Amino acid sequence: MRSFAHINARTIDEAIALLRRYRGRAVLNAGGTDLLSALKAECLPRYPEAVINLKTIPDLDYIREDDGSLRIGALARLSGIASSPLVGSNCRVLADAARSVAGPQIRNAATIGGNLCQDVRCWYYRYPHHIGGAIQCARKGSGPCLAVKGDNRYHAIMNGKRCFAVCPSDTAVALAALDARIHVAGPEGDRTIATIDFFSPLANALRPGEIVREIEVPKVRTSAVQTFLKFTVREPIDFAIVSVASVVTREEGVCTDARIALGAVAPGPVRAGKAEEVLKGERIDGEIAARAAEQALAGARPLSRNAYKIEIAKTLVKRGILQ
Ligand SMILES: Cc1cc2nc3c(=O)[nH]c(=O)nc-3n(C[C@H](O)[C@H](O)[C@H](O)COP(=O)(O)OP(=O)(O)OC[C@H]3O[C@@H](n4cnc5c(N)ncnc54)[C@H](O)[C@@H]3O)c2cc1C
Ligand code: SF4
């Protein structure tokens, strides 16, 4: 690993001022479980001159209840979210998603802010510099996307454009199904971004100098059934090939509300709006679940080697609904 300045930020404002001062030559570090491996591989488009430590900012590691919502600080650890009674009783799908991430050591260090902002896992993008030189591509700002004509078995089957890497975050999928909002602080002030709008093909929605401060999760009705399902190649530690988060409410057997999000199929979590409409007002059975699953994947446009993801996604959507 090459050397860099390491600066402990004491407040969010100080971290924002540092990002501003370094003008794109500094990166934020929270749990470090993603950033440090990218620094070791020297695969980032630009090696940072400074690493700004967010963990020294007090009061950003919290989970609290507030008038119909849970508020989760950006430095809340995934292990804390997975075991929190508040999250478990109000937004179980988020606890289950957090619990599905990696292993206990990583969950103990990784934060929700870092989980949302982690970099893509595309093997062209992550190719280490010390084995023949880092690979350039559209996401790094130079050249085409190598996955389009290359090995794209783990890449996007929906919404890819210029870059086809999928969003690796499991918590993002649960947060999308929960209609959560991401509160961001930056040099131009604070703003709020819907989870679904936080991701796009080449980068996330953060502007230069912005930092994720808090996640606001509306509480779910107690009668709703919340499910997080994840298909991986390797059990028990692996990124999703496909994941599905669903929050389905029934009254007297009839579906009154359905929220379904797909993960690892696109640059961000995808809400399956048409599938949700299929379910509303219907009694849930195998046939209606299968119809919803078809609709959820109707927009899929696979690359040369990843059409298999469509069937996995349909199966997970169906299972989630039937649970
Ligand atoms: C072996 C292994 C298995 C894994 N499996 C999974 C998995 O199954 N599912 C999954 O979702 N993830 C998985 N991960 C990824 C892991 O969850 C992430 O590394 C972790 O969540 C990142 O959190 P962090 O706090 O360590 O972030 P860091 O590594 O500190 O930061 C990651 C990125 O986010 C930025 N960042 C951090 N905090 C903020 C903030 N508040 N505002 C703005 N930007 C910020 C940093 O600048 C950096 O670019 C795995 C990782 C490993 C190593
Ligand atoms: S999918 Fe994205 S990160 Fe991967 S090679 Fe293509 S442009 Fe680069």
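Q: In this predicted model, which strand holds alanine 194?
A: Alanine 194 is partly exposed, at 32% relative accessible area. Its place in the chain is within a strand, and that strand is β7.

Q: How far apart are the C-alpha atoms of alanine 194 and arginine 181?
A: Along the chain, alanine 194 and arginine 181 are 13 residues apart. In space, their C-alpha atoms are separated by 4.5 Å.

Q: Is proline 187 buried, partly exposed or exposed?
A: Proline 187 sits in the loop between β6 (181-186) and β7 (189-194). Its relative accessibility is 28%. Buried needs under 20% and exposed needs over 50%. Proline 187 therefore counts as partly exposed.

Q: What distance separates the C-alpha atoms of proline 187 and glycine 113?
A: Proline 187 belongs to the β6-β7 loop. Glycine 113 is 74 residues away from proline 187 along the chain. The distance between their C-alpha atoms is 18 Å.

Q: Why is helix α8 described as largely enclosed by the rest of the structure?
A: Helix α8 covers residues 170-177. Among its buried residues are Asp170, Val173 and Leu175. The helix is largely enclosed because the buried count is eight of the eight residues.

Q: Which residue with a positive phi follows α8?
A: Most residues other than glycine have a negative phi. After α8 comes a residue with a positive phi, near 60°. That residue is aspartate 179.

Q: Where does glutamate 42, with its positive phi, lie?
A: Phi of glutamate 42 is near 50°, and the residue is not a glycine. Its place is the loop between α2 (35-41) and β3 (50-53).

Q: Is aspartate 67 buried or exposed?
A: Aspartate 67 lies in the loop between β4 (63-66) and β5 (69-73). Its phi is positive, about 45°, although the residue is not a glycine. The relative accessible area of aspartate 67 is 80%. The cut-off for exposed is over 50%, so aspartate 67 is exposed.

Q: Which side chain makes a polar contact with the side chain of aspartate 96?
A: Aspartate 96 is in helix α5 (residues 92-99). It is buried, with a relative accessible area of 17%. Its side chain makes a polar contact at 2.8 Å, and the partner is the side chain of arginine 99.

Q: Which residue places a side-chain N or O atom 2.7 Å from an oxygen atom of ligand 1?
A: Glycine 32 has a polar backbone atom 2.8 Å from an oxygen atom of ligand 1. Glutamine 118 has a polar side-chain atom 3.4 Å from a nitrogen atom of the ligand. The side-chain atom at 2.7 Å from a ligand oxygen belongs to threonine 111.

Q: How much of the accessible area of ligand 1 does the protein cover?
A: Polar approaches to ligand 1 include the one from threonine 111, at 2.7 Å. On its own, ligand 1 has 980 Å² of accessible area. The protein covers 89%.

Q: Which element gives the largest share of the shell around ligand 1?
A: Elements that give two or more residues to this shell are β2 (26-29), α7 (112-117) and β8 (211-218). The largest share is four residues, and it comes from α7.

Q: How many residues around ligand 1 are nonpolar?
A: There are 30 residues around ligand 1, and Leu28, Ala30, Thr33, Thr111 and Asp170 come nearest. By class, 11 are polar and four are charged. The nonpolar residues number 15.

Q: What is the volume of the second largest pocket?
A: The second largest pocket has 22 lining residues, with Arg121, Tyr154, Asp238, Phe239 and Ala240 nearest its centre. The lining divides into 13 nonpolar, four polar and five charged residues. The pocket volume is about 480 Å³.

Q: What is the volume of the largest cavity?
A: The whole structure has one cavity of 30 Å³ or more. The largest cavity is lined by 14 residues, including Cys122, Cys137, Arg139, Cys145 and Cys163. That lining has 12 nonpolar, no polar and two charged residues. The cavity volume is about 90 Å³.

Conventions
Residues numbered from 1 in each chain as written. Chains lettered and ligands numbered in written order. Predicted model: local features only at pLDDT ≥ 70, side-chain atom pairs only at ≥ 80, totals over all residues. Heavy atoms only, no water. 1 Å grid on protein atoms, 1.4 Å probe; cavity = no way out; pocket = protein on both sides within 12 Å on 5 of 7 lines; lining within 4 Å. Points joined across faces, edges and corners; volume = space filled by probe spheres on them. Nonpolar A, V, L, I, M, F, W, Y, C, P; charged D, E, K, R; others polar. Near = heavy atom within 4 Å. Polar contact = N/O pair within 3.5 Å; in protein donor to acceptor, adjacent residues only side chain to side chain. Areas by Shrake-Rupley, 256 points an atom, 1.4 Å probe, with all protein chains shown as cover. Buried < 20%, exposed > 50% of the residue type's maximum accessible area, 1.4 Å probe, protein only.
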